[in-house]
Amino acid sequence: MTSHPISQNQSLFDASQLRIPGGVNSPVRAFRSVGGTPLFFQKGSGAYVWDADGKRYTDYVGSWGPMIAGHCHPDVVKAVQDAAANGLGFGAPTASELEIAELLCKLLPSLEMVRLVSSGTEATMTAIRLARGFTNRSRIIKFEGCYHGHSDGLLVKAGSGALTFGQPSSSGVPAEIAALTTVLDYNDAAGLERAFAESGNEIAAVIVEPVAGNMNLITPKREFLDALRNLCTKYGAVLILDEVMTGFRVSLQGAQGYYGIKPDLVTLGKVMGGGLPAAAFGGRRDIMQCLAPLGSVYQAGTLSGNPVAVAAGMATLKLVQEPGFYENLSKLATRLTTGLTASAKKHGVEFCAQSVGGMFGLYFSRAVPTSYAEVMACDKEAFNRFFHAMLDAGVYLAPSAFEAGFVSSAHTEADIDETIAAADSIFSVWK
Ligand SMILES: *Cc1c(COP(=O)(O)O)cnc(C)c1O
């Protein structure tokens, strides 16, 4: 056997850095958090991906969620090929847009109307504009550690002290825009209540990930979900559940069905595009009717409802509706988290894990975190060491301690058990 003197991943990354800032088209891909050279993928099939050196990995990222049926599911590939053969796009209505709109409204009862867009960022950005147009108010509330895409008003962190104005978390975001966003602690119902008591009549919307999946994985407390719904109703604010990640991921009815919480607006992406750029926002008819051309809130998109992207989404949504799909997915995720936890315990490694539907969180901490502060207190160096050891063993986890992981229906129990065995040999020589 010959080994490559220079990794193809490394030479591609070196060349990419000359032409693409940081060598990547989305920052987390650069491995800055875990260190080392990012993998350049050349293909995927089912639960596996292959890097530029031809090395195979079991994939727990799944393109950050969309690959819920595995890579290159034949039904999805066929649907995309058929759609492409009929035209890549028209910038005019097509029947398939109606079909997916009707399906989304059927699967998520909180949706009375939807509009298709091309990314989660577009969906959340517009949902907020719509909530502001509908309520005629300017302020919004978000929660520290929740990610809602990269529009200006959402790249905001908490100011010093509770209930202060938000501060930009990115250069280029005007302080005046960040100041319209209040940033609160996730799972802190009392904090939310105080914010509403202070300025409830100015708040257009609260946007929240119903399961937080962009600060590792944090599940919502019941009292937090109830406070969100009750306070938004009481003060006339729009409750936006950002289900870009959780939609068709934690259950067929998303987190809203899983936890039984009714939003006013919902944002979707990732799984609903099946790997291609399709996303959506939707909800109450009286709010959605404020959108142009019916109403005065403007939104548009050349590629919105693109027939090829819609075909990939429809084919994927067909697969997830098969009986037992989420039972199987949850079983696989639970098998992984319980197996990893048992192995860590056996070897005395401070580690825990949990899953919700087809998403999971791994934590180098004694107990499962329930807040942003607790996530931040996890041992990041331990995760980075684990990440690289697993990568060597052919397991691709998200390259950051602060991302959720994903299983697909293409993963088998044998795949999961192999992953647990890889972790077990790492944990057996830990420290
Ligand atoms: C991924 C994600 C987004 C952004 O979606 P993009 O398609 O990357 O723009 C928004 N909200 C949540 C909860 C996400 O996980």
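Q: Why is Lys-346 called exposed?
A: Exposed means over 50% relative accessible area, buried means under 20%, and partly exposed is in between (1.4 Å probe, protein chains only). Lys-346 has a relative accessible area of 59%, so exposed is the word for Lys-346.

Q: What kind of model is this?
A: It's a predicted model, where local features need pLDDT of at least 70, side-chain atom pairs count only at pLDDT 80 or more, and totals for chains, interfaces and linings use all residues. Residues are numbered from 1 along each chain as its sequence is written, and side-chain values use heavy atoms, with hydrogens and water left out.

Q: What makes Asp-424 and Lys-346 a salt bridge?
A: You need a side-chain nitrogen of Lys or Arg within 4 Å of a carboxyl oxygen of Asp or Glu. Here the N to O distance is 3.3 Å, so the pair qualifies. Asp-424 sits in helix α14 (residues 413-428) and Lys-346 in helix α11 (residues 325-346), so the pair ties together parts that are 78 residues apart in sequence. Helices here are DSSP runs of H or I with at least four residues, strands are runs of E with at least two, and both are numbered from the N terminus.

Q: Which word fits Arg-366, and which fits Glu-350: exposed or partly exposed?
A: Arg-366 comes out at 72%, so Arg-366 is exposed. Glu-350 has 42%, so Glu-350 is partly exposed. These two also form a salt bridge, with their closest N and O atoms 3.2 Å apart.

Q: How do you know that Arg-229 and Asp-264 form a salt bridge?
A: Their N to O distance is 3.0 Å, so the pair meets the cut-off. Arg-229 lies in helix α7 (residues 222-235) and Asp-264 in the loop between α8 (254-259) and β11 (265-268), so the pair ties together parts that are 35 residues apart in sequence. Both residues are buried. They also belong to a network of salt bridges with Arg-284 and Asp-286. The whole structure has 9 salt bridges.

Q: What makes a group of residues a nonpolar core?
A: The name is for a set of buried Ala, Val, Leu, Ile, Met, Phe, Trp, Tyr and Cys residues joined through side-chain atoms within 4.5 Å. The largest one here has 105 residues, and Leu-104 and Phe-248 are among those with the most contacts inside it. Helix α11 gives the most to this core, with 8 residues. A second, separate core of 20 residues includes Leu-154 and Ile-287.
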